[in-house]
Amino acid sequence: MDPAVLREDMVDGLEHGMDVAESVALAMRTVPRHEFVEDAPYQNRASKFEGSTVLSPANVARLLTALSAEPDEDVLIVGAGVGYTAALVAEIVGDTHVHAVDIDRRLVYAARSNLQSVGSAAVLVDCRDGADGLSEYAPFDRILVEAAAIEPPKRLVSQLEPDGRLVFPMGGPKQTLVSVDAAGEVVEKHGPVAFDPLLVEGEQRSGPVRNRTVREDAEFSESGYFAPSGWEQEWIDWDERLSGRQRRYER
């Protein structure tokens with residue numbers, strides 16, 4: 001079936017079941033999700049890529065509706081993932097106004113490639129610890145965090161415009177999607193959510209394993225138990241070798 005028709009059906013279903021901002025719905029009808037997600041891209045379900053969760057269309061719509069970004073506003077997305085959310089925001093505010101960071105370098109490469117495939121190569125995607133934000137391009141009108149934290153990350157709050165908003169899932173096991181102002185105060189709640197926690201350096205799949213035993217066991221396994229040469233390579237039957245040498249001497 002035509003992907004454009006599937007996109008229309010997807011957004012129609014979302015609008016029937018929840019409140020979706022008009023600008024967000026239009027962006028979702030425009031951006032081809034199949035360029036970012038291969039497995040059933042227009043079904044309303046989450047998926048996995050490189051060990052990271054790719055949000056369902058409904059969750060993306062909730063986040064962006066809460067973000068309430070306007071054209072020409074500068075937006076930072078923490079958790080670039082496969083780049084779909086960044087592409088939607090770029091459709092709303094303009095490519096050059098969107099910045100995205102991810103702690104996993106493999107996801108950064110994937111997001112860059114996907115964004116280029118849909119004509120949004122001007123979106124800046126960098127490999128950073130999300131909690132540190134992107135101070136070189138601050139301040140931002142809107143910051144969206146696609147991962148949960150117990151409290152508003154202070155460095156992200158400090159990178160907001162005076163009238164800016166930070167949207168993120170706040171809490172541990174029980175989370176609430178909230179909007180936070182430049183003073184770090186919760187100004188609006190958008191209902192319960194369930195997101196993976198915000199990672200710190202060393203926790204990403206592409207980073208080194210912190211546990212030394214686990215790390216060295218993996219390295220040992222990859223290198224192989226037997227050395228390429230030496231006595232470890234095989235059990236040497238000295239009786240057989242000596243008898244063979246003796247036969248050569250007897251010739």
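Arg-45 has a relative accessibility of 36%, so this residue counts as partly exposed. The structure shown here is a predicted model, and this briefing looks at its salt bridges, of which nine are counted. A few of these pairs are described below, together with how far their residues are open to the surroundings.

**The pair Asp-39 and Arg-45**
- Arg-45 is joined by a salt bridge to Asp-39, and the closest N and O atoms of the two residues lie 3.0 Å apart.
- Asp-39, for its part, counts as partly exposed because its relative accessibility is 49%, a value that falls between the limits of 20% for buried and 50% for exposed.

**A pair linking distant parts of the chain**
- Glu-50 and Arg-106 form a salt bridge in which the closest N and O atoms are 3.3 Å apart.
- This pair links distant parts of the chain, since Glu-50 sits in the loop between strand S1 (47-49) and strand S2 (52-54), while Arg-106 belongs to helix H5 (residues 105-117), with the two positions 56 residues apart.
- Glu-50 has a relative accessible area of 34% and is therefore partly exposed, and Arg-106, at 32% relative accessibility, is partly exposed as well.

**The pair Arg-128 and Glu-136, and a network**
- Arg-128 makes a salt bridge with Glu-136, where the closest N and O atoms are 2.5 Å apart.
- Arg-128 has a relative accessibility of 25%, which means that this residue is classed as partly exposed.
- Elsewhere, Glu-8, Asp-12, Glu-15 and Arg-29 are joined into one network by salt bridges that share partners.

Note on methods:
Residues are numbered from 1 along each chain as its sequence is written. This is a predicted model: local features need pLDDT of at least 70, side-chain atom pairs count only at pLDDT 80 or more; totals for chains, interfaces and linings use all residues. Side-chain values use heavy atoms; hydrogens and water are left out. A salt bridge is a side-chain nitrogen of Lys or Arg within 4 Å of a carboxyl oxygen of Asp or Glu. Buried means under 20% relative accessible area, exposed over 50%, partly exposed in between (1.4 Å probe, protein chains only). Helices (H or I, at least four residues) and strands (E, at least two) are DSSP runs, numbered from the N terminus.
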